[in-house]
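Hi,

Here is the model I said I would send over. Have a look at it first, and then read on for my notes.

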Amino acid sequence: VLSGFDDDSGKGCSISFVNVGTATITATTDSGLTATCTVKVEDVPEITLGETALILGENNYYSSVDNYFKFIPEEDGTYRFTVSGENIFDENVYLWNDEFSVEAYSSYSLDLTAGQTCYVKAYADVDDISAESSAVITVEKLQAPTSLTLNPEKTTGIISDEITVDVVFGPEGSATEDFDWEISDENVLEAVSGDDTFVNFFAIGAGEATVTITSESGLTASYTITIAEPTEISLDEGKEISTDNNSGVQVFKFIPEEDGIYGFYSFDNDFDTYGYVYDSDVCEINRNDDGEENNNFLVQFEAVAGEVYYLRARPYDKEEEGTCYVSVKKLVEPTILRLSKMAYSGIVLDELELYATISPENAYEEEIIWRSSNENVAQIDYYEETYARIKLIGRGNAIMTATTEGGLKATCTIISAEPEEI
């Protein structure tokens, strides 16, 4: 009837109602004190095929609502559970029994056998609690599909493109089926992810490839895509990217003349952008945003003379309008490391933020190691890349040192005093 476990405090427990019936919970302390609570678990209402069950009635002013039901199909088949209503959002449906447990947004389809009990929790948030709201859940049996159609995002692309292919079973209202896919040329495309309604492909080479989808019942559909080599970009050459073209996504081919560390970067952006760098096998080397609220990115990568590298830029929001520019520069060895503070005086429990800056401006980034000379006075509470947060935990002096991989050092002297007595 009930199952549960003690919580971490040792003063309570979490209980799940698992069956209809009555059960008593007994709590016993180490010294033998006891207390009991008797719980009666009643069955949830049953929802039948085609029935609309009320979750939230009209004129109920709550910020969120949920309700529980059970469904027992009379026939084997695929059944869809849908939450809908007025003045609601974030609808969710939870389905479970001893064999499965799933959660989905708004609607979910599930294969059930005749007589198999499926418990249902329907949930929704209310958009405006001052207005009337209603929410219902419905169950419908889906018919077996008789057709299969592919709706590709695009039929042409360039290396490093991601292509989504929607898999649509018909007629409308049909159940979906598991399916397999076959790619005619796996040197052009590879499948990277998907579910029962779509597959994502990644373009890894120039050429033409045909994708064939076959469902478990034998339905099949195909489509062909042509992938091209991207435009070449030279060192220090600026290239314009516009959201009017391919939603702002652009890819370039870069072939360095010298070994070294390079930076793929954006500038003069009208929108926030992200950068990626891939090697000649279209394996991702690095991606980056420069971490500043200036819409730009800088992706650092080590390159070998004569090798091919693919550089990809895309906006965070493909709906934004405007242009930006990208380029490639060769980065030099850093020669100077500075901290935002050279000295700091504070009291116990103070927090100090330090920022490290590498020069010259076109120097490549290196990992920075942060160390405290006296962790009884100053400890590193948090750090990432060029930032460290220091906490003063005791009275005395400490030196905070930042060191790059190449051996550059910078220090901040910290004096920590006792706080004023109260």
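To start with a puzzle: why does strand E11 (residues 118-126) count as largely enclosed by the rest of the structure? The reason is that 8 of its 9 residues are buried, so the strand is largely enclosed by what surrounds it. Before I go further, please keep in mind that this is a predicted model.

**Around E11**

Two of the strands that pair with E11 are worth a look. Strand E6 (residues 64-71) runs antiparallel to E11, and 8 bridges hold that pairing. Within it, Ala124 of E11 sits opposite Val65. Strand E8 (residues 88-96) is also antiparallel to E11, with 7 bridges. There, Val93 has Ala122 of E11 as its bridge partner. As general background, strands of a sheet pair through backbone hydrogen bonds, in either a parallel or an antiparallel way.

**A four-stranded sheet**

Next, an open sheet of 4 strands, with the order E13-E15-E18-E17 and antiparallel pairing. Its edges are strand E13 (147-152) and strand E17 (189-194), each of which pairs on one side only. On average, neighbouring strands in this sheet are turned by 30 degrees against each other, if direction is ignored. In the middle of that order, strand E15 (residues 162-170) and E18 pair in the antiparallel sense over 5 bridges. One position to click on is Val165, which stands opposite Val199 in E18.

**Aromatic rings**

What does a search of the whole structure find in the way of aromatic pairs? The count is 17. The pair I would open up is Phe202 with Tyr278: the ring centres are 5.7 Å apart and the planes are at 45 degrees, so the pair is tilted. It links distant parts of the chain, since Phe202 belongs to strand E18 (residues 198-203) and Tyr278 to strand E25 (residues 273-278), 76 residues apart. Phe202 counts as buried, at 8% relative accessibility, and Tyr278 counts as buried too, at 4%.

Tyr278 has another ring partner in Tyr276: that pair is stacked, with 6.3 Å from centre to centre and 10 degrees between the planes. Both Tyr276 and Tyr278 are buried. Taken together, ring pairs join Phe202, Tyr274, Tyr276 and Tyr278 into a cluster.

Two lysines also sit over tyrosine faces. Lys121 lies over the face of Tyr94, 5.1 Å from the ring centre. Lys329 lies over the face of Tyr265, at 4.7 Å from the ring centre.

**Thr210**

Is Thr210 buried, exposed or partly exposed? With a relative accessible area of 25%, Thr210 is partly exposed, because it falls between the 20% limit for buried and the 50% limit for exposed. Thr210 is placed in strand E19 (residues 207-215). Leaving out residues up to four places away in sequence, Thr210 touches Glu182, Ile183, Ser184, Ser222, Tyr223 and Thr224. With Thr224 there is also a polar contact between the side chains, at 2.9 Å. For a sense of scale, Thr210 and Val328 are 118 residues apart in sequence, and their C-alpha atoms are 34 Å apart in space.

**Backbone details to check**

If you plan to set anything up from these coordinates, here are some backbone features to look at. Which peptide bonds came up as cis? One joins Gly170 and Pro171, with omega about 5 degrees. Pro171 is in the loop between E15 and strand E16 (179-183). Another runs from Ser359 to Pro360, with omega near 0 degrees. Pro360 is in the loop between strand E32 (351-359) and strand E33 (368-372).

There are also positive phi values in residues other than glycine. Ser160 has phi near 85 degrees and is found in the loop between strand E14 (156-158) and E15. Glu385 has phi near 50 degrees, and its loop lies between strand E34 (378-384) and strand E35 (387-392). In accessibility, Ser160 is buried, with a relative accessible area of 0%, whereas Glu385 counts as exposed at 66%.

Cheers

Methods: Residues numbered from 1 in each chain as written. Predicted model: local features only at pLDDT ≥ 70, side-chain atom pairs only at ≥ 80, totals over all residues. Heavy atoms only, no water. Buried < 20%, exposed > 50% of the residue type's maximum accessible area, 1.4 Å probe, protein only. Contact = heavy atoms within 4.5 Å. Polar contact = N/O pair within 3.5 Å; in protein donor to acceptor, adjacent residues only side chain to side chain. Phe/Tyr/Trp six-rings, centres within 6.5 Å; stacked < 30°, edge-to-face > 60°. Lys NZ or Arg CZ within 6 Å of the ring centre and 35° of its normal. Pairing = 2+ DSSP bridges. Axes fitted to C-alpha atoms, helices over the stretch in contact; angles between N-to-C directions.
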